[in-house]
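Below are notes on the model, set out as numbered points. Please read them alongside the sequence and the coordinates.

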Amino acid sequence: MKAAIVKQFKEPLVIEESARPTPAADEVLLQIAACGVCHSDLHLAEGDWPQMMKIVKTPLILGHEVVGQIIEKGAAVTQLEIGERVGVAWIHYACGACELCLEGNENLCPKQQITGATVDGGFAELMKAKASHVIKVPAALTSEEAAPLFCAGVTVYRAIKKARIHSGQRVAIFGIGGLGHLAVQIAQSSGAQVIAIDVNDEKLAFAQALGATHCINATTEKTVQRMASLGGAHLCIVTSAAKAAYDAAFYSLRPGGAIAVVGLPAEPLTFPAIAMVGREAHIYASAVGTRQDVRDVLEMAAQGKLQCQIETRPLEQVNEIFAEMRAGKISGRMVLKL
Ligand SMILES: [Zn+2]
Ligand SMILES: [Zn+2]
């Protein structure tokens, strides 16, 4: 099978023939139709995350927004049939038996396997996956539309779900990229009034077209003052990887408001305790999502409430996509079409 492989961190991916994977008894083999390209794939290829590097395999096939058709299955797989279309998310496997799994937080399972990191992912023609952790894709969605929902979609879905937004509350989204434009739609469909913040007018116009009621360009406007004039945010979702976005988000909260940590700046976040206490600010993080979160977000999209802006490219262009990603030139989501 053809695959794009990380052989050396910080080097371009090598596109070459690789051995056909053999599914174990509890696995299925997928003929991949589409795989989204996430910023995390670039971070992994660059060896950016020291904690992750201890568990990442090499050589490695990246890709954790995978949709494909089952073409082979192991002897113990009874709940899936050959020919079914399924997807695979970042959480490749969770044990199902530990304290966190039993609490419904399988995304935090200490025994988890990670697609395209600790096991091979979807930048390839074929991939094996755990039958227990693949998720059926609704017929209303194409494979290319569905793929980005397996990471980008579920990540913002869970971040917003955790905030338990009420109708009419103000949700500010910092960064209208691959994740942010999905966050605008998910927040809006939960009844929130959405405020979009970015440094790019085109992305802000896009957010407005998706239903954002206010748009703030952080380079030409004073974000904190504008947010204060709107009454402050009940929830700030920061998808941007700029620390400055977190600083602005913190002072954009109304008292009792919350920041959802989604974007990952390299430097630590710092908030003064006195200001946190004075306004009872909440700060919480969200880590991708569970299988149920993925099913929920796929269902939202199948009902037409959520649409990811995508551009499809062949596998051979993956290194060019990474170059565009480094330069911040991608809007929406790039999806490899296999
Ligand atoms: Zn991802
Ligand atoms: Zn577990």
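1. Val288 is buried, because 22 other C-beta atoms lie within 10 Å and the cut-off for a buried residue is 20 or more. This residue lies in the loop between strand 16 (282–285) and helix 11. Its backbone deserves a look: Val288 has a positive phi of about 35° although it is not a glycine. The model is a predicted one, and the angle should be read as a property of that prediction.

2. Lys10 also has a positive phi, of about 75°, and is not a glycine. Its place is the loop between strand 1 and strand 2. Is Lys10 buried or exposed? Lys10 counts as exposed, because it has 9 C-beta neighbours inside 10 Å.

3. One cis peptide bond should be checked as well. The bond from Thr58 to Pro59 is cis, with omega near -15°. Pro59 is found in the loop between helix 2 (50–53) and strand 4.

4. Strand 4 belongs to an open sheet of 3 strands, in the order 2-1-4, with antiparallel pairing. Strand 2 (14–17) and strand 4 (60–61) are at the edges with a single partner strand each, so one side of each has no neighbour in the sheet. Between strand 1 (residues 2–6) and strand 2 there are 4 bridges, in the antiparallel sense. For the register, Ala3 has Glu16 of strand 2 as its bridge partner.

5. Strand 18 (residues 333–337) is largely enclosed by the rest of the structure, because 4 of its 5 residues are buried. Strand 3 (residues 27–37) is joined to strand 18 by 4 bridges, and the two run antiparallel. In this pairing Gly36 stands opposite Val335. Strand 17 (residues 310–314) is joined to strand 18 by 5 bridges, and these two run parallel. Here Glu311 stands opposite Met334. From strand 17 the chain passes through helix 12 (residues 318–326) to reach strand 18, a β-α-β crossover that is right-handed.

6. Ile310 lies in strand 17. What does Ile310 touch, leaving aside residues up to four places away in sequence? The contacts are Glu144, Glu145, Pro148, Gly332, Arg333 and Val335. Ile310 counts as partly exposed, because it has 18 C-beta neighbours inside 10 Å. Asp26 is 284 residues from Ile310 along the chain, and their C-alpha atoms are separated by 33 Å.

7. The protein is divided into domain 1 (2–151 + 289–337) and domain 2 (156–285). Their centres, taken over C-alpha atoms, are 27 Å apart. The contact between them takes 13 residues from domain 1 and 10 residues from domain 2. Which element gives the most to the side of domain 1 that touches domain 2? That element is helix 11 (residues 291–302), with 4 residues. By class, this side of domain 1 has 5 nonpolar, 4 polar and 4 charged residues.

8. Helix 9 (residues 243–252) has as its buried residues Ala245, Tyr246, Ala248, Ala249, Phe250 and Ser252. These buried residues pack against two strands that come before or after the helix in number, strand 11 (170–174) and strand 15 (253–261), and also against strand 14 (233–238) and helix 8 (223–229).

9. Some overall values complete the picture. The secondary structure comes to 12 helices and 18 strands. Buried residues are 48% of the 338 residues in the protein. Of the contacts between residues at least 6 apart in sequence, 69% join residues at least 24 apart. The C-alpha trace spans about 60 × 40 × 40 Å along its principal axes. The radius of gyration is 20 Å, which agrees with the value near 20 Å for a compact globule of 338 residues.

Terms used. Residues are numbered from 1 along each chain as its sequence is written. Chains are lettered from A and ligands numbered from 1 in the order in which they are written. This is a predicted model: local features need pLDDT of at least 70, side-chain atom pairs count only at pLDDT 80 or more; totals for chains, interfaces and linings use all residues. A residue is buried if 20 or more other C-beta atoms lie within 10 Å of its own, exposed if 12 or fewer, and partly exposed in between; C-beta atoms are placed from the backbone. Two strands pair if DSSP finds at least two bridges between them. A crossover is right-handed if, with the strands pointing away from the viewer, the path from the first strand over the helix to the second runs clockwise. Domain bounds come from an automatic or database domain assignment. Two residues are in contact if their C-beta atoms, placed from the backbone, lie within 7 Å. Ala, Val, Leu, Ile, Met, Phe, Trp, Tyr, Cys and Pro count as nonpolar, Asp, Glu, Lys and Arg as charged, and the others, Gly among them, as polar. The radius of gyration is taken over C-alpha atoms; the globule rule is 2.2 Å times the number of residues to the power 0.38.
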